[in-house]
Amino acid sequence: MKAVRGTRDLLPPETELWNRIEAIARKVFARYNFGEIRTPIFEDTSLFARSVGEETDIVSKEMYTWEDRARAQSEKAQSLTLRPENTAGVVRAYIEHKLGESGQLQKLYYIGPQFRRERPQKGRYRQFWQIGAEVIGPPFAGSESPLRDAEVLEMLATLLDELGITGWKLELNSVGSAADRARYNEALRAVLDLVAPRLCQDCQRRAVTNPLRVLDCKVPEDQPIIEALPKITDSLDQESMDHFAAVTAALDAAGVPYQLNPRLVRGLDYYTRTTFEFTHGGLGAQNALLGGGRYDGLSEAIGGPKAPGIGFAMGLDRLVLTLQASDADQKAAARPAHAYIAPLGENLNPAALVLARELRRSGLSIELGDGSFRLKKSFEAADKVARRIVILGEDEVQSGILTVKDFATGTQSKIPRAELVSFLAE
Ligand code: AMP
């Protein structure tokens with residue numbers, strides 16, 4: 001049996017890097033006063049259809065959906081879907097728990113797996129992990145303020161810096177309000193009616209179902225035609241333009257570098273106004289580290305109160321790939337234990353367990369050998385997993401003085417048990 005195509009097992013030492021990234025993200029989120037939310041892995045299918053959008057690739061082609069049969073008379077059969085993203089679930093929870101009634105902005109982050117039936121390749125999986133955050137609340141709590149957009153982007157720049165990811169690029173755009181987008185869609189359709197027959201098959205379909213998606217096209221031959229299409233920037237009303245100008249002004253003040261990209265419309269229907277993507281050259285074809293934007297109408301689209309918001313999702317798999325490219329992290333990930341305890345004889349196994357328990361309770365990372373091993377085998381095993389070996393024979397138990405060998409220096413020392421913790425911790 002093998003893991004299903006597009007899924008994979010994460011093994012040590014790589015998982016150490018995953019944990020380190022998650023720990024840094026949690027620390028940064030705490031400094032910006034975000035709290036963690038954990039939503040279910042599956043939701044009612046209609047949640048994604050109504051938020052992400054029926055015509056998006058995610059909903060039309062990539063979701064893992066099944067019919068959940070009723071188990072009792074009182075239950076109804078229901079169409080369920082493994083979450084392809086987490087914003088819809090967060091906003092569903094915001095509505096369900098009436099979080100807006102507190103009158104405070106809700107600042108929520110999540111870390112967890114998402115599922116999309118995409119064509120697997122490097123950096124693209126069918127089960128992948130996202131770290132994301134949302135700032136959402138009633139308008140009077142300031143949820144529409146451009147300062148929120150700038151703050152989220154500044155936080156992301158800080159997070160990537162603290163993760164040690166250098167060379168990222170922030171691309172920024174405004175897709176305007178729902179009305180701006182409707183106007184733009186019309187302008188786009190009018191031109192696409194004329195040029196679509198010269199575009200690729202996918203674009204011809206998108207021109208009918210979801211014209212904005214044409215801007216995502218990567219087919220080289222289509223690019224000159226797409227570059228000449230109307231720009232969304234020209235369809236923004238004064239309010240949307242002012243909002244975007246305030247976002248960029250705040251970013252300029254904070255010294256967060258960005259590039260404007262009028263083609264950045266992103267693959268989900270719920271975005272309004274600010275949209276953004278952070279990319280990294282080291283990732284190859286799948287170069288997006290993270291993406292996000294505003295979704296001022298999402299809550300209402302799924303039956304909730306007016307609750308503008310902004311958020312992002314970063315690909316944890318891709319953060320790992322980026323960091324693995326740097327040698328230092330590979331080495332840090334394979335950190336050995338503080339010590340390996342080698343009992344000399346099976347009768348000393350219980351005493352070795354007691355010593356290991358004591359040292360581990362003091363915070364040291366300890367490997368426990370086995371008294372059935374010959375000393376040579378213990379040394380070989382210890383050298384692979386720990387910095388030092390602690391020999392525990394009858395003499396050591398009697399005298400309370402242990403023999404410790406350091407593999408890096410090759411020195412052997414006699415250490416009284418009371419000093420063992422501080423000696424090994426060095
Ligand atoms: P999206 O939810 O499509 O805006 O994606 C946000 C981020 O999640 C992307 O920038 C990627 O880093 C990551 N991501 C999306 N889809 C996948 C996938 N199939 N495999 C790995 N990472 C992904």
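Isoleucine 41 is partly exposed, at a relative accessible area of 31%. In this predicted model, that residue sits in the loop that links E1 to strand E2 (42-44). Leaving aside residues up to four places away in sequence, isoleucine 41 touches Thr81, Leu82, Arg83, Pro113 and Phe115. Leucine 160 is another matter: isoleucine 41 and leucine 160 are 119 residues apart in sequence, and their C-alpha atoms are 26 Å apart in space.

**The sheet**

Now for the strands. Eight of them form an open sheet with mixed pairing, in the order E1-E5-E6-E11-E10-E9-E7-E8. Strand E1 (35-36) and strand E8 (259-260) are the edge strands, each pairing on one side only. As a rule, strands of a sheet pair through backbone hydrogen bonds, either parallel or antiparallel.

Start with strand E5 (residues 106-115) and strand E6 (residues 127-136), which run antiparallel and are joined by ten bridges. Here tyrosine 109 has alanine 133 of E6 as its bridge partner. E6 is also joined to E11, again antiparallel, through seven bridges, and isoleucine 131 stands opposite methionine 314 in E11. E10 and E11 pair in the antiparallel sense too, over five bridges; there, glycine 293 has glycine 311 of E11 as its bridge partner.

How many residues of E11 are buried? Seven of its seven residues are, so the strand is mostly covered, with buried taken as under 20% relative accessible area. Gly309, Gly311, Ala313 and Gly315 point one way from E11, while Ile310, Phe312 and Met314 point the other way.

**Around the ligand**

The ligand is surrounded by 15 residues, and the closest are Arg116, Glu118, Tyr125, Arg266 and Ala288. Split by class, that shell has six nonpolar, four polar and five charged residues. Which strand gives the most to the shell? E10 does, with four residues. E6, strand E10 (288-294) and strand E11 (309-315) each supply at least two residues of the shell.

Some polar distances to the ligand are listed here.

| Ligand atom | Protein partner | Distance |
|---|---|---|
| nitrogen | glutamate 118, N or O atom in the side chain | 2.7 Å |
| nitrogen | tyrosine 125, polar backbone atom | 2.8 Å |
| oxygen | leucine 290, polar backbone atom | 3.4 Å |

As for cover, the ligand has 480 Å² of accessible area on its own, and the protein covers 91% of that.

**Backbone oddities**

A few backbone angles deserve a look. The peptide bond from proline 12 to proline 13 is cis, with omega near 5 degrees, and proline 13 lies in the segment before helix H1 (14-31).

Then there are positive phi values. Lysine 98 is not a glycine, yet its phi is positive, at about 50 degrees. Arginine 273, likewise a residue other than glycine, has a positive phi near 50 degrees. Where do they sit? Lysine 98 is in the loop between helix H4 (87-96) and E5, whereas arginine 273 is in strand E9 (residues 272-280).

Is lysine 98 buried or exposed? Lysine 98 counts as exposed because its relative accessibility is 52%, and the cut-off for exposed is over 50%. Arginine 273, by contrast, is buried, because its relative accessible area is 11% and buried means under 20%.

Note on methods:
Residues are numbered from 1 along each chain as its sequence is written. This is a predicted model: local features need pLDDT of at least 70, side-chain atom pairs count only at pLDDT 80 or more; totals for chains, interfaces and linings use all residues. Side-chain values use heavy atoms; hydrogens and water are left out. Two strands pair if DSSP finds at least two bridges between them. A residue is near a molecule or strand if one of its heavy atoms lies within 4 Å of it. A polar contact is a pair of N or O atoms within 3.5 Å; within protein, one must be able to donate a hydrogen and the other to accept it, and residues adjacent in sequence count only if both atoms are side-chain atoms. Accessible areas come from the Shrake-Rupley method with a 1.4 Å probe; for residues, only the protein chains shown count as cover. Ala, Val, Leu, Ile, Met, Phe, Trp, Tyr, Cys and Pro count as nonpolar, Asp, Glu, Lys and Arg as charged, and the others, Gly among them, as polar. Buried means under 20% relative accessible area, exposed over 50%, partly exposed in between (1.4 Å probe, protein chains only). Contact means heavy atoms within 4.5 Å.
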